[in-house]
Amino acid sequence: MSIDDTTVQEQEELARKQVLDLIAQCPRCHQNEEEVQMIRKAFELANDAHRGMKRKSGELYIFHPVAVARVAAFEIGLGAKSVTAALLHDVVEDTDITLGDLESLFGSKVAAIVDGLTKLEGVFDQSASLQAENFRKLLVSMIEDVRVILVKLADRLHNMRTLSSMPEHKRYKIAAETLYIYAPIAHRLGLFNIKSELEDLSLKYEHPMEYEEIVKKLQDSAVSYQNVIDCVSAPIKERLNMQGYEYTLKARPKSIYSIWRKMQTKNVPFEEIYDIFAMRIIFKPHEGLSEKAQCWNIYSIITDLYQPKPDRLRDWVSMPKANGYEALHTTVMSPGGRWVEVQIRTERMNDIAERGFAAHWKYKEDGKESEIDNWLKSVRDMLETAESDSMEFLDSVKLNLFSQEMMIFTPKGEVKVMPVGATALDFAFEIHSKLGYHCIGAKVNYKLEPLSHELKSGDQVEIITSDRQTPKYEWMNFVTTVKAKTCIKEIFREERHEFIVKGEQVLTDELQKRKLSINARILKKLMRTYHVTTREELYYQIGKGTVKLDNIEKSLTQKSTSKWVKMWRLTFGGNQEDEFEEDDDIDSISVPKSKKIVLSDEAEKQYTIASCCNPIPGDDVVAFLDDDNSIVLHSRRCPECIKLMSSRGDRIVSAQWESHKVLSYLVVIELSGIDRQGLVSEVTKIISMEQKVNMRSVHFESHDGVFSGSIYLYIYDTVDLQTLIDKLMQVKGVYKVVRKERNDNN
């Protein structure tokens, strides 16, 4: 019998049974009777508060907090207070219960966790991103009590597991936000399983066809890969048994998302991903020997048996990842000619890899800070100096807290962990602020480089200084770390503040001459006119004299949303003629997110193609309403689009192409293969004469018998493009033809 067939009372009893099962099986939830009663009381309160409420799926709402509590207990390993907070996490936001009520019933800790999970009802600055502001609040709460973010991850995981019941535009927004923010947090906290599932589910809803295709190919290849694993593992087991190791040996495929990402970044099909399956050796170390030495001993056993791939050795035993992950990875050639990744871990390392944060505390040495502690400190430092603008804040978080990391060496061989993308000047400030202020350049691997030089992992950097050097505000254009930006801003803070005050007064005086006063609507129009993103920056530019207010009347009277209103009418039809004036502000327009914008040849003048991804008809796209109130089309796989959906999801609308046979779009294809006489002529003949496709430019190079080339084409849609690619693949000597997804140069 399904949930839909049961009565409300039967559903409530089923939820209650799940909570009792949670209490019985969770080792950290029944340490004493008081904790057991607290969890039971939390369930009864949540059940009463949510009575009559249902989720989009049709089931009683109470099943959601119960499911979140189970994830918190079983998949993250949290205790009674966290489970209690998970059961109550939506009552303040969705019911009449207050934080004061929770504090009196369950104590200040539980109330504080719930408060951290409660979304803001609104933002003071209408131009701010509500998603970004809610995330800021979440981070503030996290540094006070990290359980806030752990319960939030449990909440997000269950929401993703049940996302199919949501409307399409909501699925896009939630999936993108998950991929952009919450999966990286799970990674940073060492929650590998949760991170992988969040990524896979995001892919499932962002690119369902590609997701299903990879799932099917994994299922089809599972038997053959298992045979390879069995063949490779048998001699390894024999050697490990001979040396007296207690171990388990597991085989697992890569996550669906990681396979998809590798296919995208390398532009290769599924069949060319050589390390789809990995073998994991988890052993109990012998007493009296270091874990590191025993990991390398097992590595030696494996490489005595099989040839390793030299560039695939990953030593996270000597230098663990920032999230505490420790393991030794190698990739070896199997007897059948397939590469197999082998991961070597102790039981302790595996516990940390699987359980993340909770396991860190279990193994934490007295007085020694973990990598998680250091990361939480960096979160606190970033929040204390964070950008006031919500979008800049989100960018800063993404770059400094969730980015990949690299190891940079000082001249004395000390290691500094820096985010990927950091410059020589960032490194100078990382060592000491005074070094940054007086930095004039750097020697990177003994070669002189400028301040803006982007560092790479493994670089050895010597900072060059001069007493005559003084900080420049222009440095803000290329530094990336919060520490560097904070130090630079601190120097110019007083001067900048004076210009801001002066600029605000100048604007006030100009508006008073016209019997106007500063308000959000006027500021939005001026910010759009002068291409600034924050009101402080507008005041600063006015005060400094960079922005002149000579044409202020034109700025205040310009019509800003005619494109959107026309697009609205063209796309959705109906009688919108009387709904909007031509100069209506976009905030007063309700976007019908439940519908799709239909993209036809007739509507082409009402939207623009995003230059970051250049989608063409047939691509999966979403429509974004930008700050100029124009419709911009992004490919759903575009990194910029994922960022927009995760931070400004209220401006995203689903979009769908109609057949396009009038307008053509610029596409770049890349070819490679074995060179022969007449090949280029044959390729261009197929394109221009057989397929009737116009070419803008053709570039081919040949070296030692191997050619590579790129061709710029004007294509109607993805169907025509795929037909052309299939034709070109039939040309003798052509081994590969792919579309270049991003065309940053055009």
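Modeller: The expected span of a helix is 1.5 Å times one less than its number of residues. Keep that in mind for this predicted model.

Biologist: Then let us try it. How many residues does helix α3 have, and how far does α3 reach from its first C-alpha to its last?

Modeller: Helix α3 covers residues 63-75, which is 13 residues. Its end-to-end reach is 17 Å, close to the expected 18 Å. Just after α3 comes Gly-77, with a positive phi near 85 degrees.

Biologist: Is α3 largely enclosed or open to the outside?

Modeller: Count its buried residues. In α3, 10 of the 13 residues are buried, so the helix is largely enclosed by the rest of the structure. Among them are Phe-63, His-64, Pro-65 and Val-66. Val-71, Ala-72 and Ala-73 are also on that list.

Biologist: What covers those buried residues of α3?

Modeller: The cover includes α1 (8-25) and α2 (33-49). It also includes α4 (80-88) and α9 (147-161).

Biologist: Now the whole chain. How many helices and strands does it have?

Modeller: The protein chain has 28 helices and 19 strands. Of its 746 residues, 50% are buried. For contacts with a separation of 6 or more, 67% join residues 24 or more positions apart. The accessible surface comes to about 36400 Å², and carbon and sulfur atoms hold 49% of it.

Biologist: Next, salt bridges. What is the general idea?

Modeller: Side chains of opposite charge can pair when their charged atoms come close. This structure holds 23 salt bridges.

Biologist: Show me one inside a helix. How far apart are the closest N and O atoms of Arg-16 and Glu-13?

Modeller: They are 2.6 Å apart. Here is the helical rule. An α-helix has 3.6 residues a turn, so residues three or four places apart point the same way. Arg-16 and Glu-13 sit three residues apart in helix α1, about one helical turn. Glu-13 is partly exposed, at 43% relative accessible area.

Biologist: And between helices? Which helices hold Arg-70 and Asp-21?

Modeller: First, the pair itself: Arg-70 and Asp-21 form a salt bridge at 3.3 Å, N to O. Arg-70 is in helix α3 and Asp-21 in helix α1, so the bridge ties together parts 49 residues apart in sequence. Arg-70 is partly exposed at 24% relative accessibility. Asp-21 is also partly exposed, at 26%.

Biologist: Are Asp-619 and Arg-739 buried or exposed?

Modeller: Both Asp-619 and Arg-739 are buried. Their side chains meet in a salt bridge at 2.7 Å, N to O. This pair links distant parts of the chain, 120 residues apart. Asp-619 is in the loop between β12 (607-609) and β13 (621-625), while Arg-739 is in strand β19 (residues 734-740).

Biologist: Which residues are linked with Asp-48 in a network of salt bridges?

Modeller: Glu-12 and Arg-51 join Asp-48 in that network.

Biologist: On to cysteines. How many disulfides does the structure hold?

Modeller: Zero. To call one, look for two cysteine sulfur atoms within 2.5 Å. The sulfur of Cys-613 has its closest cysteine sulfur in Cys-638, at 3.8 Å, so the two are too far apart for a bond. Cys-613 is buried, with a relative accessible area of 4%. Cys-295 is buried too, at 0%.

Biologist: What does Cys-295 touch in strand β5?

Modeller: Start with Thr-346, which lies in strand β5 (residues 339-346). Thr-346 is buried, at 0% relative accessible area. Beyond its sequence neighbours up to four places away, Thr-346 touches Cys-295, Ile-282, Phe-283, Pro-285 and Glu-291. Now take Ile-344, also in β5. Ile-344 is buried at 0% relative accessibility. Its contacts beyond four places in sequence include Cys-295, Ile-298, Tyr-299 and Ile-302. Phe-283 is another of its contacts. The C-alpha atoms of Ile-344 and Phe-283 are 8.1 Å apart, with their positions 61 residues apart along the chain.

Biologist: Last, the surface. Which residues form a nonpolar patch there?

Modeller: Met-319, Val-415 and Val-417 form it. Together they have about 200 Å² of accessible area. Met-319 is in the loop between β3 (314-315) and β4 (328-333). Met-319 is partly exposed, with a relative accessible area of 31%.

Conventions: Residues are numbered from 1 along each chain as its sequence is written. This is a predicted model: local features need pLDDT of at least 70, side-chain atom pairs count only at pLDDT 80 or more; totals for chains, interfaces and linings use all residues. Side-chain values use heavy atoms; hydrogens and water are left out. Helices (H or I, at least four residues) and strands (E, at least two) are DSSP runs, numbered from the N terminus. Buried means under 20% relative accessible area, exposed over 50%, partly exposed in between (1.4 Å probe, protein chains only). Contact means heavy atoms within 4.5 Å. Accessible areas come from the Shrake-Rupley method with a 1.4 Å probe; for residues, only the protein chains shown count as cover. Patches are made of residues with over 30% relative accessible area and no salt bridge: like charges are joined within 9 Å, nonpolar side chains (Val, Leu, Ile, Met, Phe, Trp, Tyr) within 5 Å. A salt bridge is a side-chain nitrogen of Lys or Arg within 4 Å of a carboxyl oxygen of Asp or Glu.
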